Structures are given as structure tokens and as C-alpha cells.
Amino acid sequence: MATPDGRPPDLQPAGTLYINQGGRVTCTTHGGGYLQAAAGQQRYVDGDHITTPLDDWEVFSPEVVAEDGLECETCARGGHR
Ligand SMILES: [Zn+2]
């Protein structure tokens, strides 16, 4: 099931962020195609790892993002879509 604008469905709640092993923090939008595709196929929770051909991302829920004050390094927002 695709969204009206053609993007893959997003199963992650708004505000979810991902951190790779190099410490890079990103939202779904700025995590690249592999992460977007993976995030649209399965619901992940805190501490889960999404392994893509390029990276290993640890999932941070919106609640943890808010508590820890994390933000996407690209758009500097707390896990917007
Ligand atoms: Zn972002």
C-alpha cells in the first residue's frame, strides 16, 4: 500500500529517530532510501536495529527522542516526518 504521493508507507510513529554506529542521528526523511524502505515495511520499537546495505541503525521512539533531546542532524528537528 503506497501513500498518495508515491512514497512507501511509513509505519514508524512521527518523531522516531535513528542513530547509526557512527553516531549519526537522522529522521526517516533524511535517512536515505534504504532506511525509508525498511521503516515502511515493519514497525520497529526502541532499541531495534534496522540493518541496511549501508548502515546499522538503532531505533529511538518519539518518547525517548523527547526525553533525550535528540534531533535529526539534517533538519534539526525532533524526528519530524
Ligand atoms: Zn530530518
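Modeller: Quick word on terms before we start: a helix here is a DSSP run of H or I with at least four residues, and helices are numbered from the N terminus. By that count Q36 sits in helix 1, residues 33-39. Bear in mind that this is a predicted model.

Colleague: Fine. Is Q36 buried, exposed or partly exposed?

Modeller: Q36 is partly exposed, because it has 18 other C-beta atoms within 10 Å, and the cut-off for buried is 20 or more.

Colleague: And how far is Q36 from Q12 in space?

Modeller: The C-alpha atoms of Q36 and Q12 are 9.9 Å apart, with their positions 24 residues apart in sequence.

Colleague: Let's zoom out. How many helices and strands does the protein chain have?

Modeller: There are two helices and four strands in the protein chain. Going along the sequence, you read β-β-α-β-β-α.

Colleague: What's the strand order in the sheet?

Modeller: The order is 2-1-4-3, in an open sheet with antiparallel pairing. Strand 2 (25-27) and strand 3 (49-51) are at the edges; each has a single partner strand, so one side of each has no neighbour in the sheet. From one strand to the next, the twist averages 35°.

Colleague: What about strand 1 and strand 4, how many bridges do they share?

Modeller: Four bridges, in the antiparallel sense, between residues 17-20 of strand 1 and residues 56-60 of strand 4. If you want to click through them, N20 is opposite W57, I19 is bridged to E58, and Y18 has V59 as its bridge partner.

Colleague: How is strand 1 joined to strand 2?

Modeller: Strands 1 and 2 run antiparallel and are joined by three bridges. One to look at is L17, whose partner in strand 2 is C27. The two strands make a hairpin with four residues between them, and G23 in that turn has a positive phi of about 90°.

Colleague: Which strand does strand 3 form a hairpin with?

Modeller: Strand 4, and four residues separate the two. Strands 3 and 4 are antiparallel too, with three bridges. H49 is opposite E58 there, and E58 is also the bridge partner of I19 on strand 1.

Colleague: Switching topic: what's in the largest nonpolar core?

Modeller: That core has 13 residues, and L17, Y18, L35 and I50 have the most contacts inside it. Strand 1, strand 2, helix 1 and strand 4 are the elements that give two or more residues to it. Helix 1 gives the most, with three residues.

Colleague: Back to Y18 then. What is Y18 in contact with, leaving aside neighbours within four places in sequence?

Modeller: The list for Y18 is T26, G31, L35, I50, W57, E58 and V59. L35 and I50 are also among the residues with the most contacts inside the core, and V59 is the bridge partner of Y18 in strand 4.

Colleague: How much of the protein chain is buried?

Modeller: Buried residues are 25% of the 81 in the protein chain. As for contacts with a separation of 6 or more, 54% of them link residues 24 or more positions apart.

Colleague: What about the segment after helix 2, where does C72 come close in space to something far off in sequence?

Modeller: C72, which follows helix 2 (62-68), has its C-alpha 8.4 Å from that of R24, although the two are 48 residues apart in sequence.

Colleague: Why does C72 count as buried?

Modeller: C72 has 21 other C-beta atoms within 10 Å, and a residue needs 20 or more to count as buried.

Colleague: And E73, is that one buried or partly exposed?

Modeller: Partly exposed, because E73 has 14 C-beta neighbours inside 10 Å. E73 also lies in the segment after helix 2.

Colleague: Which residues is E73 in contact with, leaving aside neighbours within four places?

Modeller: E73 is in contact with R24, V25 and T26. For E73 and V25, the C-alpha distance is 5.7 Å, at 48 residues apart in sequence. V25 falls in edge strand 2 (25-27), so have a look there next.

Definitions and conventions
Residues numbered from 1 in each chain as written. Predicted model: local features only at pLDDT ≥ 70, side-chain atom pairs only at ≥ 80, totals over all residues. Buried ≥ 20, exposed ≤ 12 C-beta atoms within 10 Å, placed from the backbone. Pairing = 2+ DSSP bridges. Axes fitted to C-alpha atoms, helices over the stretch in contact; angles between N-to-C directions. Contact = placed C-beta atoms within 7 Å. Core = buried A, V, L, I, M, F, W, Y, C linked by C-beta atoms within 7 Å.
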